[in-house]
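Please look through the model below slowly, first as a whole and then residue by residue. The paragraphs that follow suggest one route through it.

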Amino acid sequence: DYCEGGYHPVQVGETFKEGRYEVIRKLGWGHFSTVWLSRDNQCGRHVALKVVRSASHYTETALDEIKLLKRIVSANPDHPGKAHVVQLLDSFEHKGPNGTHVCMVFEVLGENLLGLIKRYKHRGIPMALVKQITKQVLLGLDYMHRECEIIHTDLKPENVLIEIGDVEQIVKTYVNNGENKNGSTGSGSDKGDRNGRRRRRTLITGSQPLPSPISTTFTHRHDDLLAQAIGGKSNSQHSLSKMMSSARGSTNGSLTVSPQGRESDDSYNSRERTADAMAREVAGITLDKSGDNESFPDIGIISVKIADLGNACWTNQHFTNDIQTRQYRSPEVFELITGDYLFDPQSGTKYGKDDDHIAQIIELLGAFPRHLCMGGKWSLEIFNRKGELRNIHRLRHWALPDVLREKYHHTPEEAKSIADMLIPMLELNPERRANAGGMSGHDFLKDAAGMEDKKVDVDVGSRGGIDGWACEVKKR
Ligand code: ADP
Ligand code: MG
């Protein structure tokens with residue numbers, strides 16, 4: 001990877017843009033780039049410097065990413081969602097031994113939401129935080145959709161980063177603590193991004209975020225604990241969808257490639273699987289050592305930002321139809337509340353992952369409208385001419401409010417209010433699906449702390465209106 005066309009071999013102390021940015025330590029890396037905590041000598045503050053691989057494919061994608069990021073910087077400054085999307089500070093090119101690298105400079109952010117989910121042992125995070133985060137993400141999305149005409153296409157916990165507050169103070173404490181001064185990341189495991197979907201570019205992302213102010217001990221121990229965890233116990237996740245799959249007698253947990261093999265995330269390979277199990281294991285060990293959820297300091301008000309525009313596109317110009325990490329082909333609020341995926345398809349001996357995915361959707365949300373199930377390019381592989389699933393016959397219907405009560409033990413009132421929020425966003429017909437701006441004003445979010453006066457001019461409950469994949473469906 002550190003060859004011609006690959007990563008630039010960044011050194012701690014190295015300077016970029018004629019001495020302006022000075023590298024301090026590594027923050028993370030992706031398939032596409034390495035990201036470095038750096039000092040901006042011109043402005044006297046710290047920044048995150050992303051150095052992209054030099055091959056032309058990466059350079060072109062990075063130049064698209066910069067165009068999108070620039071629109072995010074320049075569109076309506078008065079929209080309350082702008083504060084919840086990552087801001088590009090600078091961009092330039094850097095010549096090195098492996099070629100010319102596009103560089104992007106961002107504000108320094110902290111841990112992502114997957115870290116927060118792990119911190120709560122995949123059992124769900126407190127509802128007050130879920131509401132704050134959800135409202136901020138919806139406002140950020142509404143800003144991207146309506147003001148910038150951008151669709152993110154890869155929204156998931158890994159791509160929502162928590163702000164770290166006083167960056168300069170935290171950098172001072174953290175860097176002076178002596179951790180990782182040499183800037184090496186050590187492990188190549190996938191701590192940042194769980195699903196190895198072959199997106200436009202990223203396959204695996206590693207990350208070493210600065211600690212968020214919530215709990216510095218968590219990340220300080222992370223590397224030791226990772227090493228301990230490599231022995232590898234089994235992944236103990238019990239998701240709703242696994243229960244459903246096993247009720248149908250699937251080979252629970254098997255992740256073989258589906259017969260069609262066209263879904264990129266089916267390339268989820270054993271290395272990523274191990275990393276995923278490992279990440280969960282690490283979360284478990286960390287939490288066991290530091291006590292229960294109760295031992296975390298009061299989290300209070302946090303602010304989050306939507307990040308990683310590397311797969312984003314314009315509402316009216318789509319770069320690829322291969323979008324979204326599979327499990328998130330609907331908003332992720334469910335995972336924050338319960339700690340589980342909403343859908344987590346598995347293949348069985350007689351059916352593929354796509355069959356199971358559609359079956360799980362029908363089990364939760366009811367039958368597909370006929371024009372949707374028959375209108376797809378691959379419809380006849382999944383459905384017969386009557387619109388019934390070809391390969392899966394015994395469905396176990398379990399409506400969302402019932403799942404929330406029976407599996408996750410929410411009260412009937414709570415289950416109803418969560419389901420009221422989620423169902424409009426899970427609408428199968430994309431033209432009738434609730435939009436982000438409208439959802440940000442939903443009753444469920446009215447007590448989101450610190451967000452009471454943040455409003456956009458979109459009717460609550462309004463649907464569609466954003467050019468997205470509805471027009472791809474129409475084209476057929
Ligand atoms: P790629 O396009 O290569 O996947 P990302 O933009 O996803 O690159 O960045 C890779 C990793 O670097 C992220 O997963 C995250 O851990 C870290 N990172 C990126 N941007 C920031 C930032 N602004 N502040 C702190 N860490 C960051
Ligand atoms: Mg990434």
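**From the core outwards**

In this predicted model, the largest nonpolar core holds 60 residues, and the ones that touch the most other members are W36, A48 and L49. The element that gives the most to this core is helix α3, which spans residues 127-147 and supplies 9 residues. Apart from this core lies another one, made of 11 residues, including F334, L342, L364 and I418. In soluble globular proteins, nonpolar side chains tend to be buried together.

To see what surrounds one of these core residues, begin at W36 and set aside residues up to four places away in sequence: W36 then touches V10, V23, K26, L27, L49 and V51.

A second residue to find is K50, which the unreviewed UniProt entry lists under "binding site", and which belongs to strand β4, covering residues 45-52. Is K50 buried or exposed? K50 counts as buried because it has 25 C-beta neighbours inside 10 Å, where 20 or more are needed for a residue to be called buried. If neighbours within four places in sequence are left aside, K50 is in contact with S33, V35, C103, M104 and F106.

Stepping back to the whole chain, its secondary structure comes to 16 helices and 11 strands, and 43% of its 476 residues count as buried. When contacts between residues at least 6 apart in sequence are considered, 72% of them join residues at least 24 apart.

Conventions: Residues are numbered from 1 along each chain as its sequence is written. Chains are lettered from A and ligands numbered from 1 in the order in which they are written. This is a predicted model: local features need pLDDT of at least 70, side-chain atom pairs count only at pLDDT 80 or more; totals for chains, interfaces and linings use all residues. Helices (H or I, at least four residues) and strands (E, at least two) are DSSP runs, numbered from the N terminus. A residue is buried if 20 or more other C-beta atoms lie within 10 Å of its own, exposed if 12 or fewer, and partly exposed in between; C-beta atoms are placed from the backbone. Two residues are in contact if their C-beta atoms, placed from the backbone, lie within 7 Å. UniProt positions are given in the numbering used here, feature names are shortened, and annotations may be inferred rather than shown by experiment. A nonpolar core is a set of buried Ala, Val, Leu, Ile, Met, Phe, Trp, Tyr and Cys residues joined through C-beta atoms within 7 Å.
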